[in-house]
Amino acid sequence: MADRLSELPDDVLLSILKRVDLRDAVRTAILAKRWRHLPAALPDIVLDVLSFRKKQDDDHQDGFTFTSRLSREARANLAVAHAAKAILARRRIGIVRSVDDAIASGRARFREAAFDVRGEKRALECTGRDTLANGRRLASLVGGCPRAFAGLTRLRVESVTLRGSNDVANVLAACENLEILSLHSCDASAGSNVAALEMEHPRLVRLDVDACDFETVDLKWLPRLVQVSNNIWFPSRTLPPLVFGHVPQLRTVILSTVGTVNYRTLKLSELLVNTTGIRTLQMIFESEKIWFQPESPKHLAPLLRNLRIACLDKIHKECDLIWTMFVLEAAPLLKELRISVTEHSCGSLAAADVMRKLLYCKKNNIEWHIDSDFKHYNLLLVTVVGFEIKDKFVKLIKRLAHAAVNLEDIHLEDEVKCENCQY
């Protein structure tokens, strides 16, 4: 019967394979050479984990018992992944090329399209050689599939080394409809001229930079940019983590990093130049150190005059809190103030102690004098996460309640669980 089936033309055999599940379709490739190319030629690939889930009796065959630390569900998921990888490998064509061809033929039109470009290894496992290879692969994709990248509205790039400013410019130029760009664990090759990552794009609305090794991110010309975040940047002795150029629509700025022993304390009045339209400002402290200096209204008020929401997150428990009120003095239109306090650090206690000795500074209390007659007329909501019945918390709440004459709500919450380790 197998020989007679093999004599049928490909379209008939494919019609048969379309009627069986993926697991059985892949198995047909071992029947004979005639069948090897057929699973890869299927027009649709339907991944159904139920078709790969073994029955309970399948683990007890031929007189022995199959044992594994993996559950049946996990083994089924793994089987699905292997089957899909086998089929796609035989096709010898990338998904980017497929999208590019579909757009060129007029078969595909997108309202939204997103690519997630990353290497085979996780970011923490990548070597310099890996990120260089990922960078060459990205440049090749952009150059070889211009129509696919031109249609993108979202792009996420991880573990890529940019060899020069042309790499950045070429990607941004190719993605002419890009609205959201995320860069994770990217860096610049030694001797390149992208230590300062310059960003220019006519349509970009949101930019996320996460754990990237650039001295600064220069938002040179982004006329539609609304939100930017820079998380875990590598400190420079001379340059700020962000440089704000032409960003007239910018409304949200998020900054998060670990303040180390030698970290240069930032001045917000210098950092936030050209950002008078900011409505939301979030600053996250991943260690004991507060990595910016509170400043007087004289310097900050022109920059924060439109601020509506301020978030000061992960302040260490040993740090005083009254200094946080500098935001009220500098932002007369502020409506919401969020303060979160914690001493949690992920990982083992031993590892945390080592990191603290090598990198983190000891607590740094910030002295800040609040005029007893100061009043704020627009603050409506105060949220304090990690609240404890201690003098510094009570003192802060009393001072806020006294200054904010129109305050409506004060939310006091326990410390929330860490998103990474649930402690």
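**Exercise 1. State the accessible surface of the chain and the share that belongs to carbon and sulfur atoms.**

Solution. The chain exposes an accessible surface of about 23900 Å², and 52% of that belongs to carbon and sulfur atoms. Keep in mind that you are working with a predicted model.

**Exercise 2. Describe the chain by its secondary structure, burial and contacts.**

Solution. Start with the elements: the chain has 13 helices and 20 strands. Next comes burial, where 42% of the 423 residues are buried. Finally, take the contacts between residues at least 6 apart in sequence: 76% of them join residues at least 24 apart.

**Exercise 3. Classify the ring pair of phenylalanine 115 and phenylalanine 149, and place both residues in the chain.**

Solution. Nine aromatic pairs turn up in this model. For phenylalanine 115 and phenylalanine 149, the ring centres are 5.5 Å apart, which lies within the 6.5 Å limit for a pair. Their planes meet at 80°, and since an angle over 60 degrees counts as edge-to-face, so does this pair. Now locate the partners: phenylalanine 115 sits in strand E3 (residues 114–117) and phenylalanine 149 in helix H7 (residues 146–150). With these positions 34 residues apart, the pair links distant parts of the chain. Both phenylalanine 115 and phenylalanine 149 are buried.

**Exercise 4. Are the rings of tryptophan 323 and phenylalanine 326 stacked or edge-to-face?**

Solution. Check the distance, then the angle: the centres are 6.4 Å apart and the planes stand at 20°. The pair is therefore stacked, because the angle is under 30 degrees. Tryptophan 323 and phenylalanine 326 are both buried. To finish, widen the view: these two residues belong to one aromatic cluster, together with Trp233, Phe285, Trp291 and Phe292.

Terms used
Residues numbered from 1 in each chain as written. Predicted model: local features only at pLDDT ≥ 70, side-chain atom pairs only at ≥ 80, totals over all residues. Heavy atoms only, no water. Helix = DSSP H or I, 4+ residues; strand = E, 2+ residues; numbered from the N terminus. Buried < 20%, exposed > 50% of the residue type's maximum accessible area, 1.4 Å probe, protein only. Contact = heavy atoms within 4.5 Å. Areas by Shrake-Rupley, 256 points an atom, 1.4 Å probe, with all protein chains shown as cover. Phe/Tyr/Trp six-rings, centres within 6.5 Å; stacked < 30°, edge-to-face > 60°.
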